[in-house]
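Please take a look at this protein model and follow the report below alongside it. The text covers helix packing, enclosed space and some single residues.

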Amino acid sequence: MLEFPISGVETWWWLPIIVSFGVSCITSTAGLSGAFVLLPFQVSILGYTTPGVTPTNLLFNVFAIPGGVYKLTREKRMVWPLVWTMTIGTLPGLLVGVIVRVKYLPDPTAFKFFVGCVLLYIAVRLWQSVIKVKTEKKQAGAFIVIPRVFSLREIVYEFNGMEYRVPTLTLGFLSAIVGGIGGIYGIGGGAILAPILVTLYGLPIHTVSGAALCSTFVSSVVGVLLYLTVGQYFSADGQTASPDWLLGGMLGVGGFVGIYLGAAVQKYLPSRLIKSLLGVIMLYIAARYIVGYFL
């Protein structure tokens with residue numbers, strides 16, 4: 001057994017690595033790092049319930065995501081205009097999210113309820129996109145993204161012979177809201193933005209995944225720094241907002257390998273299968289947390 005001094009968690013040394021590897025393998029196929037599942041794992045299984053669990057979860061993103069970003073960039077599946085817009089929009093909301101987490105949601109029960117509500121929203125959005133698209137066309141041609149337009153008005157890119165459009169300012173505004181939620185939860189925001197882009201704008205999940213992962217990485221780095229500075233200032237007496245570096249690093253090791261493998265196999269999996277699987281996982285965790293709040 002290994003004891004983590006900052007969080008007080010005691011568990012087998014291999015458990016965080018194996019769990020983060022398995023979770024990230026699945027979730028990265030949809031552009032999600034797996035942080036939205038790993039936070040409930042830390043809270044409910046490892047018993048890490050103080051505000052420090054949030055920056056620890058962000059720390060997982062910092063260590064785990066670069067492998068997937070590298071893989072998707074090398075395969076030319078990164079929509080950089082989406083990355084810049086989502087990242088710039090997310091950062092202001094992070095500050096608000098950090099303050100809300102340490103000042104108003106230090107209680108584990110209330111925090112679990114918040115997590116359950118966020119997961120329920122993501123799951124519903126994913127299932128809406130599964131139901132809406134009854135048939136899925138087989139992808140043909142080069143599996144790469146070709147940017148066309150990047151302006152304050154809209155982002156336009158081509159993927160496998162089809163053109164996709166997103167209003168830039170609207171996406172930036174949505175990203176700011178999501179940044180606040182991600183800062184409270186500890187997921188960086190990509191897990192929420194990816195389903196929105198798929199369901200609201202009809203973007204293929206194979207192109208959204210890279211932008212979501214890259215945006216999540218940058219916002220997670222900033223989020224950890226905010227928790228170390230602003231979070232410490234607003235934290236309640238007797239509680240720390242500092243991450244558990246050892247636990248976050250071990251989760252990140254498994255996540256790094258898992259996200260890289262998930263990014264590699266993503267193009268061979270149908271998007272409906274990816275979204276359906278993630279929706280089931282999210283609904284299960286959300287139901288447990290929301291129901292548990294009232295019992």
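## Packing, cavities and backbone

Leu225 is exposed, at a relative accessible area of 52%. The model is predicted. Leu225 sits in helix 8. Its C-alpha atom is 31 Å from that of Leu126, and the two residues are 99 apart along the chain.

**Helix 3 against helix 8.** Helix 8 spans residues 205-234, and helix 3 spans residues 53-74. The two pack at an angle of about 145°. Their axes are 8 Å apart. The crossing is left-handed. On the helix 3 side, the contact residues are Thr54, Pro55, Leu58, Leu59, Asn61, Val62, Ile65, Pro66, Val69 and Leu72. Helix 8 answers with Ser209, Gly210, Leu213, Cys214, Thr216, Phe217, Ser220, Val221, Gly223, Val224 and Tyr227. By class, this contact of helix 3 with helix 8 holds 14 nonpolar residues, 7 polar and no charged.

**Helix 1 against helix 9.** Helix 1 covers residues 15-27. It packs on helix 9 at an angle of about 30°, with the axes 7 Å apart. Here the crossing is right-handed. Helix 1 contributes Pro16, Ile17, Ser20, Phe21, Ser24 and Cys25. From helix 9 come Leu247, Met250, Leu251, Gly254, Gly255, Val257, Gly258, Ile259, Leu261 and Gly262. This contact of helix 1 with helix 9 counts 10 nonpolar and 6 polar residues, and no charged ones.

One residue of that contact deserves a second look. Gly258 belongs to helix 9, residues 245-265. Is Gly258 buried or exposed? Gly258 has a relative accessible area of 0%, so it counts as buried. Setting aside neighbours within four places in sequence, Gly258 touches Phe21, Ser24, Cys25 and Ser28. Gly258 and Ser33 are 225 residues apart along the chain, yet their C-alpha atoms are separated by 9.2 Å.

**Two covered helices.** Helix 2, residues 35-45, is mostly covered. Of its 11 residues, 9 are buried. They are Ala35, Phe36, Val37, Leu38, Leu39, Pro40, Phe41, Gln42 and Val43. Helix 7 has 10 of its 11 residues buried, so it is largely enclosed by the rest of the structure. Its buried residues are Gly190, Ala191, Ile192, Leu193, Ala194, Pro195, Ile196, Leu197, Val198 and Thr199.

**Empty space inside.** Rolling a probe the size of a water molecule over the atoms shows where empty space is left. How many cavities of 30 Å³ or more are there? The count is 2. The largest cavity holds about 40 Å³ of space. Its lining consists of Ala30, Leu32, Leu126, Ala194, Pro195, Val198, Ile205, Lys275 and Leu278. Helix 7 (190-200) and helix 10 (271-294) each supply at least two of these residues. Helix 7 gives the largest share, 3 residues. The lining has 8 nonpolar residues, no polar ones and 1 charged.

**Positive phi.** Several residues have a positive backbone phi, and the table lists them.

| Residue | Phi | Place |
|---|---|---|
| Gly47 | about 75° | just after helix 2 |
| Gly202 | about 70° | just after helix 7 |
| Lys76 | about 60° | loop between helix 3 and helix 4 |
| Asn160 | near 50° | loop between strand 4 and strand 5 |

Gly47 and Gly202 thus each follow a helix described above. Lys76 takes its positive phi although it is not a glycine. Its loop leads to helix 4, residues 80-104. Asn160 is likewise a residue other than glycine with a positive value. The strands on either side of its loop are strand 4 (154-159) and strand 5 (162-167).

Which of these two side-chain-bearing residues lies open? Lys76 is exposed, with a relative accessible area of 55%. Asn160 counts as buried because its relative accessibility is 19%, and the cut-off for buried is under 20%.

Terms used
Residues are numbered from 1 along each chain as its sequence is written. This is a predicted model: local features need pLDDT of at least 70, side-chain atom pairs count only at pLDDT 80 or more; totals for chains, interfaces and linings use all residues. Side-chain values use heavy atoms; hydrogens and water are left out. Axes are lines fitted to C-alpha atoms, for helices over the stretch in contact, and angles run from 0 to 180 degrees between N-to-C directions. Helices (H or I, at least four residues) and strands (E, at least two) are DSSP runs, numbered from the N terminus. A crossing is left-handed if the near helix is turned anticlockwise from the far one by less than a right angle, and right-handed if clockwise. Contact means heavy atoms within 4.5 Å. Ala, Val, Leu, Ile, Met, Phe, Trp, Tyr, Cys and Pro count as nonpolar, Asp, Glu, Lys and Arg as charged, and the others, Gly among them, as polar. On a 1 Å grid over the protein atoms alone, a cavity is a set of points where a 1.4 Å probe fits but cannot get out, and a pocket is an open set with protein on both sides within 12 Å along at least five of seven lines; lining residues have an atom within 4 Å of a point. Grid points are joined across faces, edges and corners, and a volume is the space filled by probe spheres set on the points. Buried means under 20% relative accessible area, exposed over 50%, partly exposed in between (1.4 Å probe, protein chains only).
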